[in-house]
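Hi everyone, thanks for coming. I'll walk you through one protein chain today, so please have the picture open and stop me whenever you get lost.

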Amino acid sequence: MRLTLRQLQVFVAIADHGSTTAAGQAIALSQSASSAALQELEAHFGTPLFDRIGRRLVLNGHGRALLEPARTLLANAADLERHLAAGGTPGQGAPLRLVLAASTTIGNYLLPARIAALLRQTPQAEVDLRIDNSAGVVAAVQRLDVDAGLIEGPCHERGLQVTPWQQDPLVIVAAADAPARWSLDELRAARWLLREPGSGTREAVEQALLPHLHGFAQTLQLGNTEAIKQAAIAGLGVACLSRHAVEEPLALGRLQVLDTPLPALQRTLWLVRHPGKHWLPGLQALLGDATLPPRIGNPNGSCER
């Protein structure tokens with residue numbers, strides 16, 4: 001019996017979803033067909049790949065060793081399929097189709113202009129942009145669902161390639177009718193408008209501010225940057241946001257950048273890639289020279305827990 005892509009697809013789906021039933025639903029396959037594919041795969045390798053714990057299937061050591069190679073093989077097969085479906089032939093330049101994931105500030109405020117410039121230069125190009133928080137972007141890169149990810153905070157997963165993309169200036173903002181000058185004591189006592197845990201913006205804000213403020217007396221947690229902007233405009237508190245995200249309300253006079261004793265704040269935006277994912281044409285054209293792939297094993301180019 002030969003190994004098949006369908007068997008590997010079922011294996012990865014079970015690893016992700018924990019049962020043959022859920023895996024079948026995820027890949028449009030019946031539970032019995034998923035079970036049969038798993039049995040064939042385990043027979044092929046001559047060993048179980050999962051531990052059966054109640055109704056759940058949990059990867060054992062053999063399964064964990066197979067998971068990343070299986071993901072890589074499936075991703076490369078999908079790349080080839082979309083290449084050929086778009087009219088390309090093996091060995092020739094493929095029509096440009098990129099699948100990216102980006103955290104919210106990058107996806108909403110930085111990438112649209114870059115995508116527009118790319119489409120003016122290459123009208124036949126296609127870009128699928130998926131927006132999530134930084135943790136979700138990293139998870140999509142790990143699953144090989146996307147060609148690359150862009151995040152606003154540090155990456156905490158092993159085995160991924162991480163390259164600095166660009167610097168992002170941060171500003172402290174409040175409603176237009178708030179006092180213009182704030183002392184450190186006033187900032188410590190303020191209500192801070194923050195993103196949810198797992199957001200790159202939240203982590204970057206904490207890294208930038210906590211060494212100076214040593215904590216927040218009050219916080220209000222909001223699920224996205226737009227909600228934080230509107231809350232700040234309404235006078236609900238102060239926020240630390242990307243300058244790119246607040247250009248419009250600043251220009252309209254609905255927000256103001258506060259004068260504080262804090263030093264100039266900025267954060268690094270990061271490109272995250274899976275080492276098993278092919279470097280597709282067009283990524284450098286879209287994202288710039290900083291996207292050249294780092295060598296695996298470079299301590300500055302891989303995620304650490």
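Let's start with a term we'll need: a salt bridge here is a side-chain nitrogen of Lys or Arg within 4 Å of a carboxyl oxygen of Asp or Glu. Keep in mind, too, that what you're looking at is a predicted model.

With that rule in hand, take arginine 71 and glutamate 68. Their closest N and O atoms are 3.7 Å apart, and the two form a salt bridge. Both residues sit in helix 4, which covers residues 61–85, and they are three residues apart, about one turn of the helix. Now, which of the two is buried and which is partly exposed? Arginine 71 is the buried one, at 9% relative accessibility, while glutamate 68 comes out as partly exposed at 34%. The story doesn't end with that pair, either: Asp16, Glu68 and Arg71 are linked in a network of salt bridges.

How many salt bridges does the rule give us? The count is 12. I'll show you two others. In one, the side chains of glutamate 42 and arginine 52 meet, with 3.2 Å from N to O. That pair links distant parts of the chain, since glutamate 42 belongs to helix 3 and arginine 52 to strand 1 (residues 50–53), 10 residues apart. Glutamate 42 counts as buried at 11% relative accessibility, and arginine 52 is partly exposed at 47%.

In the other, arginine 195 and glutamate 196 meet through their side chains, at 2.9 Å from N to O. Arginine 195 is buried, with 3% relative accessibility. Glutamate 196 has 16%, and that counts as buried as well. If you wonder why 16% still makes it, the cut-off for buried is under 20% relative accessible area.

Okay, let's step back to the whole chain. There are 11 helices and 11 strands. Of the 305 residues, 46% count as buried. If you take the contacts with a separation of 6 or more, 74% of them are between residues 24 or more positions apart. The accessible surface comes to about 15,000 Å², and 52% of that belongs to carbon and sulfur atoms.

Now for two helices, beginning with helix 1, residues 5–17. It has 13 residues, and from first C-alpha to last it reaches 18 Å, close to the 18 Å expected at 1.5 Å a residue. Its buried residues are Gln7, Leu8, Val10, Phe11, Val12, Ala13 and Ile14. Right after helix 1 comes glycine 18, with a positive phi near 90°.

Helix 3 takes up residues 31–45. Its 15 residues should span 21 Å at 1.5 Å a residue, and the end C-alpha atoms are indeed 21 Å apart, so the two agree. The buried residues of helix 3 are Ser34, Ser35, Ala37, Leu38, Leu41 and Glu42. Where do they sit around the axis? They cover an arc of only 160°, so they are on the same side of helix 3. Over on the other side, Gln39 and Ala43 are exposed. Helix 3 is also followed by a glycine with positive phi: glycine 46, near 70°.

Glycines aside, a couple of other residues have positive phi. Leucine 144 has a phi of about 65° although it is not a glycine. You'll find leucine 144 in the loop between helix 6 (134–142) and strand 5 (148–151), and it counts as buried at 6% relative accessibility. Histidine 214 also has a positive phi, near 60°, and isn't a glycine. Histidine 214 is in the loop between helix 8 and strand 8, and at 64% relative accessibility it counts as exposed.

Last stop: aromatic rings. The structure holds two aromatic pairs. In the one I picked, tryptophan 192 and phenylalanine 216 have ring centres 5.6 Å apart and planes at 45°, so the pair is tilted. Tryptophan 192 lies in strand 7 (residues 191–194), and phenylalanine 216 is in the loop between helix 8 (200–213) and strand 8 (218–221), so the pair ties together parts that are 24 residues apart in sequence. Tryptophan 192 is buried, by the way, with a relative accessible area of 0%.

That's my tour, thanks for listening!

Terms used: Residues numbered from 1 in each chain as written. Predicted model: local features only at pLDDT ≥ 70, side-chain atom pairs only at ≥ 80, totals over all residues. Heavy atoms only, no water. Helix = DSSP H or I, 4+ residues; strand = E, 2+ residues; numbered from the N terminus. Expected span 1.5 Å × (residues − 1). Buried < 20%, exposed > 50% of the residue type's maximum accessible area, 1.4 Å probe, protein only. Arc of directions from axis to C-beta. Contact = heavy atoms within 4.5 Å. Areas by Shrake-Rupley, 256 points an atom, 1.4 Å probe, with all protein chains shown as cover. Phe/Tyr/Trp six-rings, centres within 6.5 Å; stacked < 30°, edge-to-face > 60°.
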